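Colleague: I've got the viewer open and I'd like to go through this one with you. Mind if I keep asking how you know things?

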Amino acid sequence: MSDSLLTGIDDAQVLDANIALPYTLTTGRAAGTFLAGLGDKRILASRCDTCARTMTPAQDYCNRCGEPSGEFLSMPETGTVTAITRTESVTLALIRIDGSDTDLMHRLSSGGPAADVGTRVRAVWADTPTQSMLDLDCFTPDDSGAEPGTPSPTGDIEPITEIPYAIDLAYRHSYGPHYGRLFDELATRRRILGSKCPQCRNVLVPPREFCDICFVRTAQHVDVADTGVLQAFSIIHMEFVGQTRKPPYVYAEIVLDGSATRLIHTVGGHDVDTLKERLSIGMPVRAVWKDAADTRGTLDDIDHFAPVFEQLP
Amino acid sequence: MGTNTLERVAVVASAQTTLRESWSSLQHVDLIGSAVSSALRGTGLRMQDVDVVIDCGSDVLDGRSISNCGFLGAMGAHHKEESRVEEDGLFGALYGTTKVASGSASVALIVAYSKPSESSVSAYYSTLTDPFYQRALGLDHVGAAGLMANQYLTTSDADEEALLRIAAEAWRKAGNNPWVETATVPTLADIESSPYVADPVRGLQLSRPVDGAVAVLLATEQVAHRLTERPVWITGMGTAMESHFLADRKPGELEACQAAAAMATRRAGISDVGSFGLAEVSGTSAAGEAMVVEALGLAHRGRAVDCYEDGASVSVNPSGGALPADPIMATGLVRLHEAAARLAGRLGDEAATTALVHGAGGLGMQNHCVFTLEV
């Protein structure tokens, strides 16, 4: 493959990043009632009257005919394993609860007697309910030889309606050859790098392999100035997740001299009221770098762009 | 396609990057740009000739929301009709084919990409599960593959030996595939001695996540004849989904895959699935691949392993398939690229003139897409 990018050396430069998002999950009627039931040490099923099937765990709609489910049933705590697998962290099984027409996925106890397809099991309850599927801690083999139980009607059960939840995902993003070079240049020489399209002659910041408009490979890296003009700006008053500055501040698009692209950064050096009054589109700006000791090799090494008021007529 | 009011659609060119465990020195855009420019190279088509770009990837895997927005330049999609399918790449090809077949585009570029090395594959699959009933249990792709393999062995006559053989064949073929990077090619003995990750699935029987990108160019009959002497016609397509809950699916079988295949072959007017010379299929484990082969009708229930014996009438996964190289979200489009390149004779002399192509997505292969091809 005649592709220099793909045959280059592996000098992995990575950015560690996280996406952490808070949620409030709405359970709906069936899951909310089922989870409330677990807190009460009961396994609840829903009944599809059309198909005459009992579904465990409870579902809002029948997964066969799509009709809304009817009444809830309180199921026995016993059943039979229909499928099983042991992973590094957990033993997962599908369990046909006695009297149910569908399988329930859950955990099997680790240690103790081995289970297999066909093994009779019974529920083990968690000591302290947490509004989770794991209020039913797991199932464990049951050699009591007890007769299978039967479903019974439930009384009124107040469903859980909302559950707090959070997701936290970790990433190691590759910089790649162009961003890697950009950040190296920022760290070592405080220069901003672009790449030049051989067709439209535009210089693109940050540098990249392909010109977005022409779809031809950019031919070379070139330095661009740390001065430019204001293309657009907005004063940010609200706070939001991921913000790196305290509002109010001026968020701006800046076209660096020698480039054709817009760089997102901030304008500062004066109080926000002054900036609001005096900034205008097309105004020259210049980078104000942080102290050399604080250099991290990112575009945040530029503290802000300062307007060049005195150049105005 | 079925009715004569629709345009015939052909695969006219395609390309992929090398698939490897980690492209740590490259960004997504570098991989995408490389695959797209390689697909265009030598066709006579320029990016201006591409009317529509459809791409497939995962925001969760990519670590950014609507990640395609950052990849537009590398896909040549500037100021073009562009659309993202958050599904396996073959679903993107289905979307693009409908655009061309309906006459709203003459040339469609389909792109799929993935860098699972940048994040946690287990976390990605966990985010696909419902948070109340499944995620809390610690369910991910590994546990799902284990439960499904257990069901497959319990409900059919297949045994663990058959699944070892299927995995060994996949790795052996991948060893001959210059686009799949492997440090070593594990033998059947290596696979048998690899520890269980979710019994009965062993580590080397689970699909290996890899980084990579693939690009496929689709065109109308008129354009196709101008570009190539051997257009690969898309004769049928089908898609179907399993129930979200693993426990609600039929044990040991992939009914949605069966339904997708029936839809595709009906459109193609093919009644004898045994007539296909070539099949490129996606399985997330050896048992998963066996279940796909059987759902496509290439083997009787429990007998998928027969397709991997010498003298089998159909060649299944000459590329090695998804077990040695699974660029999650791009896997099905790699299958289309491999099958089309083979039928077009781009990978050497090829006896087969028809092919079945299969892609899958979701936890435990919930979603299935099937193409039929012909030269």
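Modeller: Go ahead. This is a predicted model, and a good place to begin is A:Ser74, which stands opposite A:Ser152 in β10(A).

Colleague: How do you know that β4 and β10 of chain A are paired strands?

Modeller: Pairing takes at least two bridges. Two bridges join β4 (residues 72-75) to β10(A), and the strands run antiparallel, so by that cut-off they count as a pair.

Colleague: What makes β3 and β10 of chain A edge strands?

Modeller: The order in this open sheet of four strands is β3-β2-β4-β10 (chain A). β3 (53-55) and β10 (152-153) each have a single partner strand, so one side of each lacks a neighbour in the sheet.

Colleague: And which helix packs on that sheet?

Modeller: Helix α2 (residues 28-39) of chain A, which touches β2 (43-48) and β4 and makes an angle of about 150° with the direction of β2(A).

Colleague: Over to chain B. How do you know the length of α6 is what a helix should have?

Modeller: At 1.5 Å a residue, its 16 residues (160-175) should span 22 Å; the end C-alpha atoms are 23 Å apart, which agrees.

Colleague: Why is B:Trp171 in that helix called buried?

Modeller: The label needs 20 or more other C-beta atoms within 10 Å of the residue's own. B:Trp171 is listed as buried, as are others including B:Leu163 and B:Ile166, so each of them meets that cut-off. The cover over the buried residues of α6(B) includes α7 (188-193) and α10 (286-295) of chain B.

Terms used:
Residues numbered from 1 in each chain as written. Chains lettered and ligands numbered in written order. Predicted model: local features only at pLDDT ≥ 70, side-chain atom pairs only at ≥ 80, totals over all residues. Expected span 1.5 Å × (residues − 1). Buried ≥ 20, exposed ≤ 12 C-beta atoms within 10 Å, placed from the backbone. Contact = placed C-beta atoms within 7 Å. Axes fitted to C-alpha atoms, helices over the stretch in contact; angles between N-to-C directions.
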